[in-house]
Amino acid sequence: MHNASKHLLFILAPLVVVFALLPGVYQNHLLLFNFVIFLILAQGVNIIYGFTGYLPFGYVGFFGAGAYGFAIMVMHLQTPAPLAVLVGGGVAVLLGLLLTPLLRLSGAYFAIANLAASLAVLHFVANPALEGITKGPYGVSLTGTFNPTHAYYAAVVVMALTVGAVVYLKNSPFGLALQAVREDAVSASMAGVNIIKMRVIAWLASALVAGLAGGIYAWYVSVFYPDNVFSGEFSIFAIVFALFGGVATITGPIVGVLILYGIYNLIGFTTPQYFQLIYGLLIMGLVLFLPAGLVSLATRRGWHVP
Amino acid sequence: MSPEKTPILEVSKLVKRFGGFHALDGLSFHVVPGEILGLVGPNGSGKTTAINVISGLYAPDGGEVVFDNVSSGGVASHKLVHRGINRTFQVPKPFLSLTVRENIQVALAYGGATGAPSIAELLEEYRLKEVADRPAADLNSAQQKMLDLTRALATRPRLLLLDELAAGLNPAELDWIAGRIKALAATGMAIIVVEHLMGFIEQITDRVIVLNAGKEIFEGTLATAVREPQVIEVFLGGEHAH
Ligand SMILES: Nc1ncnc2c1ncn2[C@@H]1O[C@H](COP(=O)(O)OP(=O)(O)OP(=O)(O)O)[C@@H](O)[C@H]1O
Ligand SMILES: [Mg+2]
């Protein structure tokens, strides 16, 4: 069997089945939904950071753009929710296109510029002058499309597509070429790789994923303010989860979300007073002792981790 | 050199400036298919810069580069790779976290070449078989140079630019790589060799260009070059400066 088929069968399929069945046996549907959203976002970060080397500190910009793309379609054009989600993804891709000049920057400069861009989009959307379109700072309320069950399953579908995309990157010359560009752009161009095109494709793919997630989030919660869907926590969490598990792998970001977001909720419920402390220590320990993520525990032993 | 052949590369009056400094200052030369041309000169004379311009890393500030009868100055590197130009780097920069095999796979998949050698052949011929599945970061510097060369060869270039490929190899390895370079030229590949090791240049080249301060100061066989007062002056001057 091809590696790609193995990855689809033993990683993607179980993940989808588990999250499709869990709502039947576990009551906290909002928590399950958040898990799926973070699985999508962490894999989106994986695509742009793990495979391409750009750390997207303003990743939430795409998520928020997707949420508002959804909301505007539903509010003004009474678009059916699934279609509005696709529009949300499209809006994020357009924003990504607008931001392609950022790809000329590298390292911390890119990260900071991306963060600034996401704040700019937040302030644009939250501008009272745009109340007629975005409802400005007053937030949106989308009663007509409220259907958490459908939104949840839409999220599972997008998660499946996103993990599928990462399986493709992990098993194709395209994914290899992206990593080559990340490792050394000059050598990659001398291997015949069009480095600008590769970076833009990865950037737009990760924007699309976050935009779809944002649209579905808007569908699920139906009432939200700009600060909710542009919250920097989405970027930070997605990045931390992906790094914790290990990027440029299929399983790393999944393991990262399941463990870290699991612990996050566990501490949050049981001992909220120590929450920030424990969580902060955990992340510091990780960065100090396992900079290549949890999966590196296995790769160091010579095991191959997909 | 075979004068009846038409050049595959013609460089004329090439200028490359960095700020006000002329790294290339009106350089002209040509290479024909199957020829091994030596490019020598003291440190900082512009050898690597010439390779960088010919391989599309820098756009020229003046003059012309014509590859295969088409102007190629300022064309993006990956397009030149597809047209048939490739190179190695003075300091190789392989894709460190990818395995040796994956490094070559990228060039095979994106080099746009038909009839390129297979991975197995390249690994075997350039002594990388044992390390094929190790990350490139694990290789020693000689192995990284060979990997850099296989990355170039996987795109099946018709013009190959070698920037100090032999530096740091031991005498047995030098003989071996000299043989490989000659075998490549015998297939019709035009090869430009930049090297400080004169014995090595003597062994493999048909003709040399001596560069100083971005200009050609001599063209001919190495045996004649070493008797030219101007060449001796430049090299001795260069040696004293260090
Ligand atoms: N990117 C650059 N920016 C500024 N100056 C440069 C750049 N590249 C080369 N130079 C300068 O141009 C001159 C020629 O450099 P080049 O690397 O071509 O020399 P070289 O002949 O390859 O020398 P060596 O034998 O030491 O490798 C040097 O003075 C160098 O400092
Ligand atoms: Mg040099």
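1. In chain A, what share of the contacts between residues at least 6 apart in sequence join residues at least 24 apart? The share is 76%. Keep in mind throughout that this is a predicted model.

2. Start with the fold of chain A. Chain A has 15 helices. Its strands number 2. The C-alpha trace spans about 55 × 45 × 40 Å along the principal axes. Chain A has 306 residues and a radius of gyration of 19 Å. A compact globule with that number of residues would have a value near 19 Å, so the two agree.

3. Next, the inside and outside of chain A. Of its 306 residues, 53% are buried. The chain exposes about 13300 Å². Carbon and sulfur atoms supply 71% of that area. Charges are listed as 9 positive and 5 negative. The mean positions of these two sets are 15 Å apart.

4. Now look at helix α10 of chain A, where A:A218 sits. Is A:A218 buried or exposed? A:A218 counts as buried because its relative accessibility is 0%, and the cut-off for buried is under 20%. Neighbours within four places in sequence set aside, A:A218 touches A:A67, A:F70, A:L142 and A:F224. A:S235 is another residue to compare with it. A:A218 and A:S235 are 17 residues apart in sequence, and their C-alpha atoms are 17 Å apart in space.

5. Just past that helix comes A:S222. This residue lies in the loop between α10 (195–221) and β2 (223–224) of chain A. Its phi is near 65°. That is a positive value in a residue other than glycine. A:S222 has 6% relative accessibility and so counts as buried.

6. A:F230 deserves a look of its own. It lies in the loop between α11 (226–229) and α12 (232–245) of chain A. Its relative accessible area is 6%, so A:F230 is buried. Which residues does A:F230 contact, leaving aside its neighbours within four places in sequence? They are A:V60, A:G61, A:G64, A:A65, A:Y68, A:S118, A:V121, A:L122 and A:V125. Take A:V60 from that list. A:F230 and A:V60 are 170 residues apart along the chain, yet their C-alpha atoms are separated by 5.7 Å.

7. Turn to chain B. Chain B has 9 helices and 10 strands. How does its radius of gyration, 17 Å, stand beside the globule rule? The rule gives 18 Å for 242 residues, and the value for chain B is close to it, so chain B is as compact as a globular protein of that length. Its C-alpha trace spans about 50 × 40 × 40 Å along the principal axes.

8. The inside of chain B can be put in two figures. Buried residues are 51% of the 242. Among contacts with a separation of 6 or more, 67% involve residues 24 or more positions apart.

9. The surface and charges of chain B follow. About 10300 Å² is exposed. Carbon and sulfur atoms account for 52% of that. Chain B has 22 positive side chains and 27 negative ones. The centres of these two sets lie 5 Å apart.

10. A metal site involves chain B. Which protein atoms are donors to the magnesium ion (ligand 2)? They are OG1 of B:T48 and OE1 of B:Q90, lying 1.9 to 2.2 Å from the ion. The pair links distant parts of the chain, 42 residues apart. B:T48 is in helix α1 (residues 47–54) of chain B. B:Q90 is in the loop between β6 (85–87) and α3 (100–110) of chain B.

11. Both donors can be placed on the exposure scale, where partly exposed runs from 20% to 50%. B:T48 has 25% relative accessibility and therefore counts as partly exposed. B:Q90 has a relative accessible area of 33%, so B:Q90 is partly exposed.

12. One backbone point remains in chain B. Where is B:D68 found? B:D68 is in the loop between β4 (62–67) and β5 (70–71) of chain B. Its phi is near 55°, a positive value in a residue other than glycine. B:D68 counts as partly exposed because its relative accessibility is 34%.

Definitions and conventions:
Residues are numbered from 1 along each chain as its sequence is written. Chains are lettered from A and ligands numbered from 1 in the order in which they are written. This is a predicted model: local features need pLDDT of at least 70, side-chain atom pairs count only at pLDDT 80 or more; totals for chains, interfaces and linings use all residues. Side-chain values use heavy atoms; hydrogens and water are left out. Helices (H or I, at least four residues) and strands (E, at least two) are DSSP runs, numbered from the N terminus. The radius of gyration is taken over C-alpha atoms; the globule rule is 2.2 Å times the number of residues to the power 0.38. Buried means under 20% relative accessible area, exposed over 50%, partly exposed in between (1.4 Å probe, protein chains only). Contact means heavy atoms within 4.5 Å. Accessible areas come from the Shrake-Rupley method with a 1.4 Å probe; for residues, only the protein chains shown count as cover. Lys and Arg count as positive and Asp and Glu as negative; His and the chain ends are not counted. The place of a charge is taken as NZ of Lys, CZ of Arg, CG of Asp or CD of Glu. Donors are N, O and S atoms within 2.8 Å of the metal (3.2 Å for Na, K and Ca); water is not among the atoms, so sites may look incomplete.
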